[in-house]
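These are my notebook entries on a single chain. I record below what I looked up, entry by entry.

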Amino acid sequence: AYERWKKTPEYQQWLKETGQLKKRAAAKPETGAFVLQGGKGVAERKFDTLAEAVASSSDGATIEVRGNGPFDTSPIDIANQSLTIRAADGFRPVIKLSPEGAQTYDPMLRSGGLLTIEGLEFQRLGQKKREGMVYQPTIFWSEGTLHAANCRFWLDNQPWQACVYANGPVCIARNCEFLTPGSYAVSGCFPRGRLRVMDNCVQVGDYPQGLV
C-alpha cells in the first residue's frame, strides 16, 4: 500500500507539505558507494554498482557499501570465490533488482563459495509470476556456504518460493528479517550432515524453512 501511495498526487502533496520535495529534488545519486577494499599496501577501489565491484573482486575480497541507496542491481554470479559484502558504519544500504534484471528470472545473487553478507537489505519486488515455471525468482541461490547477519530480505508476489535457496553445506542467518508473503524464508536441498541455522530471525510470511 505504501508503494502504491507514493505513485499518487496525494503523495506529492504530502512531500510538499512536509518540506521533503526540495530536499528530494536536490538529492544526487550516490556514486562510488561500493568500495572494494585492498589488502596491505593496496588502495581501495570505488564502484557505482555492486555488479562492477563483484566483477573486479578476487577470492577473499571485501566489498563495503558506503551509502544507503536504494541501489539497482542486475543478477550477479559470484561463482566459487569467497566474498564478504557488508554495510559501512552508519549506513543501511538497500539493494534492489533493476528493471532490466526483472526481465529475467535469475537469482539476484548466485554464489558457489563462501558468501558473507552483513547489514544489507535486498529487495525483489513487483515481478510477475511466469506461467509454467516450477522455480520462481529468488534473492539468493547458494551452492556454497552462506552467512547472513543483520540483513533484511524482501520478496513479494512469489508463492512457494524462498528468499534464500540454499544447496550448500552451511546456511546461517542471524538477526535477519524475511518478508516473504506466501513463501519460505529459506529453502533448498539440505541432506543429512549439512548445517542450517536461523538464530534470532523474524519472518513475515507462511513458512520459515522448506526442506527438499
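**Entry 1. A loop and its proline.** I began with Pro70, which I found in the loop between β3 (61-65) and β4. The model I am reading is a predicted one. I checked the peptide bond between Gly69 and Pro70 and noted that it is cis, with omega about 10°.

**Entry 2. Positive phi values.** I then looked for residues other than glycine with a positive phi. Ala79 is such a case, with phi of about 65°. I placed Ala79 in strand β5, which spans residues 76-79. Its relative accessible area is 42%, so I entered Ala79 as partly exposed, since the partly exposed class lies between 20% and 50%.

I noted Asn200 as well, a residue other than glycine whose phi is positive and near 60°. Asn200 is located in the loop between β17 (195-199) and β18 (202-209). I entered Asn200 as exposed because its relative accessibility is 59%, and exposed means over 50%.

**Entry 3. The chain overall.** I counted four helices and 18 strands in the chain. The chain has 212 residues, and 42% of them count as buried. I read the exposed area of the chain as about 11600 Å², with 51% of it supplied by carbon and sulfur atoms. For contacts between residues at least 6 apart in sequence, I noted that 61% join residues at least 24 apart.

**Entry 4. Aromatic pairs.** I found eight aromatic pairs in the structure. For Trp5 and Trp14, the ring centres are 5.9 Å apart and the planes stand at 55°, so I recorded the pair as tilted. Trp5 counts as partly exposed at 31% relative accessibility, and Trp14 counts as partly exposed at 39%.

I next examined Phe34 and Phe71, whose ring centres are 4.9 Å apart with planes at 70°, so this pair is edge-to-face. The pair links distant parts of the chain, with Phe34 in strand β1 (residues 34-36) and Phe71 in strand β4 (residues 71-73), 37 residues apart. I noted that both Phe34 and Phe71 are buried.

**Entry 5. Surroundings of Phe34.** Which residues is Phe34 in contact with, leaving aside its neighbours within four places in sequence? I listed several, among them Arg45, Phe47, Leu50, Ile63, Val65, Phe71 and Ile95. I also found Phe34 among the residues with the most contacts inside the largest nonpolar core, together with Ile117, Phe153 and Val164. That core has 40 residues.

**Entry 6. Strand β13.** I followed the side chains along strand β13 (residues 152-155) and saw that they alternate. Phe153 and Leu155 point to one face and are buried, while Arg152 and Trp154 point to the other and are not. Strand β10 (residues 121-124) runs parallel to β13, and I counted four bridges joining them. Within β13, Phe153 is the bridge partner of Phe122. I also noted that Phe122 and Phe153 belong to one aromatic cluster with Phe140 and Phe178.

**Entry 7. A charge over a ring.** Lastly, I looked at Trp141. The charged end of Arg110 sits over the ring of Trp141, at 5.5 Å from the ring centre.

Definitions and conventions
Residues are numbered from 1 along each chain as its sequence is written. This is a predicted model: local features need pLDDT of at least 70, side-chain atom pairs count only at pLDDT 80 or more; totals for chains, interfaces and linings use all residues. Side-chain values use heavy atoms; hydrogens and water are left out. Helices (H or I, at least four residues) and strands (E, at least two) are DSSP runs, numbered from the N terminus. Buried means under 20% relative accessible area, exposed over 50%, partly exposed in between (1.4 Å probe, protein chains only). Contact means heavy atoms within 4.5 Å. Accessible areas come from the Shrake-Rupley method with a 1.4 Å probe; for residues, only the protein chains shown count as cover. Rings of Phe, Tyr and Trp (its six-membered ring) pair if their centres lie within 6.5 Å; planes under 30 degrees apart count as stacked, over 60 as edge-to-face and the rest as tilted. A charge sits over a ring if NZ of Lys or CZ of Arg is within 6 Å of the ring centre and within 35 degrees of the ring normal. Two strands pair if DSSP finds at least two bridges between them. A nonpolar core is a set of buried Ala, Val, Leu, Ile, Met, Phe, Trp, Tyr and Cys residues joined through side-chain atoms within 4.5 Å.
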